[in-house]
Amino acid sequence: MQPLAERGYSYWPGGPASKEGFWGPTTSTLDWCEENYVITTWVAEFWNTFSNLFFIAFAWFGIETLKAIGATEVRHFMAFGSLIIVAIGSMMFHGTMWYNAQMADELPMIYNGCIICFCLLQTFPESKSKRFILGLLFTCYSAAVTGIYLSYKNPQFLAISHGVLTFSMVLFTPFQISRLQKRYPHLSNKVVGLWELYTFAVSSYLAGIGFWTVDNQFCDLLRDMRAQLGTPLGFVFELHVFWHFCTAAGGYACILVMVYMRMLALNRKEVVLEWWQGVFPMLALSSPKKQ
């Protein structure tokens, strides 16, 4: 039996999804499971486009948190700011399915990863020369990945390049947490919170990868289920949306780990980790009595 998706269905009132909308034909090297121009002819992948608002919301909250706790180092603001740039690029990509917009989505992911890794390796007060060398290395890595990807347009190369950065973060963060505990044993009670925050970040990423994998491997099935359920229940099977949510939460938590470690390394003991409703991590300033 031919999948409903191939018969031109639309789970939104108005008939089958258009093959082309306002932005013209697809020129990107990737096209996701959400059907193009189902909701409106103005946006190619409606749900995938606007689910990037999760990134902007988490990043904005992160920036406001930095201001509230008195964090002043530019790299942490750059880390959260780069999440917003990734989100804007992703909205352009999913909204138009243009190749140039795809580059605006994918390449900033590399830059964001480099900034976060730089923050991780600058947890402890170090020399200016080391900071310069690390900055130069990550700049060269970003430039090399950009040049190679634009030349060969191989999505697997970009995935591997981003995977190297992600694996580095996952691998070296526990090392830095352990190093913090050894350097400042009086902060052992706060290190427990760091491990919880790290677990939250990794778990969010893994959940996102799970949604992303199912969305790619079982697209026809998901499209059929959306068609059969109709609106609005069909939205539940737009799994790329959940990928965006999980990676936005994971990215926010990952940067928060770097910020919290840095605050503790600077002996900012008044900065504490809190969990809103037991599920959402945030940094705040403790009251004088709690200190």
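Q122 is buried (under 20% relative accessible area, computed with a 1.4 Å probe on protein chains only), with a relative accessible area of 2%. This residue belongs to the loop between α4 and α5. Setting aside neighbours within four places in sequence, Q122 has contacts (heavy atoms within 4.5 Å) with R75, K130, R131, L134 and R262.

The model is predicted, so that local features need pLDDT of at least 70 and side-chain atom pairs count only at pLDDT 80 or more, while totals for chains, interfaces and linings use all residues. Residues are numbered from 1 along each chain as its sequence is written, and side-chain values use heavy atoms, with hydrogens and water left out.

A second loop residue is K153, located between α5 and α6 (155-183). K153 is partly exposed (from 20% to 50% relative accessible area), at 44%. Beyond its neighbours within four places in sequence, K153 is in contact with Y99 and I148. K153 and M103 are 50 residues apart in sequence, and their C-alpha atoms are 9.6 Å apart in space.

The two loop residues are set out below.

| Residue | Loop | Relative accessible area |
|---|---|---|
| Q122 | between α4 and α5 | 2% |
| K153 | between α5 and α6 | 44% |

Two packed helices are described by the angle between their axes and the distance between the axes. Helices here are DSSP runs of H or I with at least four residues, numbered from the N terminus. Helix α4 (residues 99-121) packs against helix α5 (residues 128-152) at an angle of about 160°, and their axes are 10 Å apart. This makes α4 roughly antiparallel to α5, a term for angles over 145 degrees. Their crossing is right-handed. Among the residues of α4 that meet α5 are Y99, M103, E106 and F118, and the α5 side includes K130, R131, L134 and Y149. By class, this contact has 15 nonpolar, 4 polar and 3 charged residues.

The largest nonpolar core (buried Ala, Val, Leu, Ile, Met, Phe, Trp, Tyr and Cys residues joined through side-chain atoms within 4.5 Å) has 59 residues, and L180, L194, M261 and L283 have the most contacts inside it. Helix α9 (residues 239-265) gives the largest share of this core, 15 residues. Apart from this core lies another, of 6 residues, among them Y37, A44, F93 and M97. Leaving aside neighbours within four places in sequence, L283 is in contact with T65, I69, L256, V259, Y260, V271, V272 and L273.

Terms used: Axes fitted to C-alpha atoms, helices over the stretch in contact; angles between N-to-C directions. Parallel < 35°, antiparallel > 145°, perpendicular 65-115°, else oblique. Left-handed = near helix turned anticlockwise from the far one by under 90°. Nonpolar A, V, L, I, M, F, W, Y, C, P; charged D, E, K, R; others polar.
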